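Please read the following explanation with the model open beside the text. Each paragraph takes up one part of the chain and may be checked against the picture.

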Amino acid sequence: QHFSMELYESRIASLQRFVSMTVMFHQMGMRVETFFPKISFGFLGYRMDRTHSIMRIATTASPVSGADVRERMDELRLMRKIERSVQLIARTWKKWKSEEINKHEA
């Protein structure tokens, strides 16, 4: 499973990130292209297909695979559950102990 997740991260996930960044920046460029002519009554503006952009976006693979993150989240969830259970038992014990002391004093 670890090997398959590494292959997924290095091949498919990086392509998905690239495509999503490309789509996002294209949409952002389209919004800017239509925004300026609207507010300037057609005096300002540009055509996105005629504009050269030098912007480069670095997309690197995540140093931790999604499966590792999922496993760690499951571990943390279990530890939190155990911690809460221990705290509940400790509170219940203290409450019971104080009630027992109060019964003997009365």
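Ser-85 is located in helix H2. In this predicted model, the side chain of Ser-85 comes within 2.9 Å of the backbone oxygen of Lys-81. Is Ser-85 buried, partly exposed or exposed? Its relative accessible area is 37%, and a residue counts as buried only under 20% and as exposed only over 50%; Ser-85 is therefore described as partly exposed.

A second serine may be examined in the same manner. Ser-40 lies in the loop that runs between helix H1, residues 2-39, and helix H2, residues 66-105. The side chain of Ser-40 reaches a backbone oxygen, that of Phe-36, at 2.7 Å. With a relative accessible area of 12%, Ser-40 is buried, because this value falls under the limit of 20%. The residue that follows in the numbering also deserves attention: Phe-41, just after H1, adopts a positive phi of about 55°.

Phe-36 leads on to the aromatic residues. How many aromatic pairs does the structure hold? There are two. One of them is formed by Phe-35 and Phe-36. A pair of aromatic rings is described by the distance of the centres and the angle of the planes. For Phe-35 and Phe-36, the centres are 5.3 Å apart and the planes make an angle of 75°. The arrangement is called edge-to-face, because the angle is over 60 degrees. Both residues are partly exposed: Phe-35 has a relative accessible area of 42%, and Phe-36 has one of 33%.

Helix H1 may now be considered as a whole. What span should its 38 residues have? At 1.5 Å a residue, the expected value is 56 Å. The C-alpha atoms at the two ends of H1 are 53 Å apart, which agrees with that expectation. H1 nevertheless contains a kink of about 40°, and this kink is centred on Glu-9.

Glu-9 is also one of the buried residues of H1, together with Met-5, Ala-13, Gly-29 and Glu-33. Against which element do these buried residues pack? They pack against H2. An α-helix has 3.6 residues a turn, so residues three or four places apart point the same way. Met-5, Glu-9 and Ala-13 are among the buried residues of H1, as are Gly-29 and Glu-33.

Glu-33 offers a closer view of this helix. It is found in H1 and is buried, with a relative accessible area of 17%. Its C-alpha atom is separated by 6.4 Å from that of Met-48, although the two residues are 15 residues apart along the chain.

The protein as a whole may be summarised last. It has two helices and zero strands. Of its 106 residues, 8% count as buried. The accessible surface comes to about 9,800 Å², and carbon and sulfur atoms account for 64% of this area.

Terms used
Residues are numbered from 1 along each chain as its sequence is written. This is a predicted model: local features need pLDDT of at least 70, side-chain atom pairs count only at pLDDT 80 or more; totals for chains, interfaces and linings use all residues. Side-chain values use heavy atoms; hydrogens and water are left out. Rings of Phe, Tyr and Trp (its six-membered ring) pair if their centres lie within 6.5 Å; planes under 30 degrees apart count as stacked, over 60 as edge-to-face and the rest as tilted. Buried means under 20% relative accessible area, exposed over 50%, partly exposed in between (1.4 Å probe, protein chains only). Helices (H or I, at least four residues) and strands (E, at least two) are DSSP runs, numbered from the N terminus. A polar contact is a pair of N or O atoms within 3.5 Å; within protein, one must be able to donate a hydrogen and the other to accept it, and residues adjacent in sequence count only if both atoms are side-chain atoms. The expected span of a helix is 1.5 Å times one less than its number of residues. The bend at a residue is the angle between axes fitted to the seven residues ending there and the seven starting there. Contact means heavy atoms within 4.5 Å. Accessible areas come from the Shrake-Rupley method with a 1.4 Å probe; for residues, only the protein chains shown count as cover.
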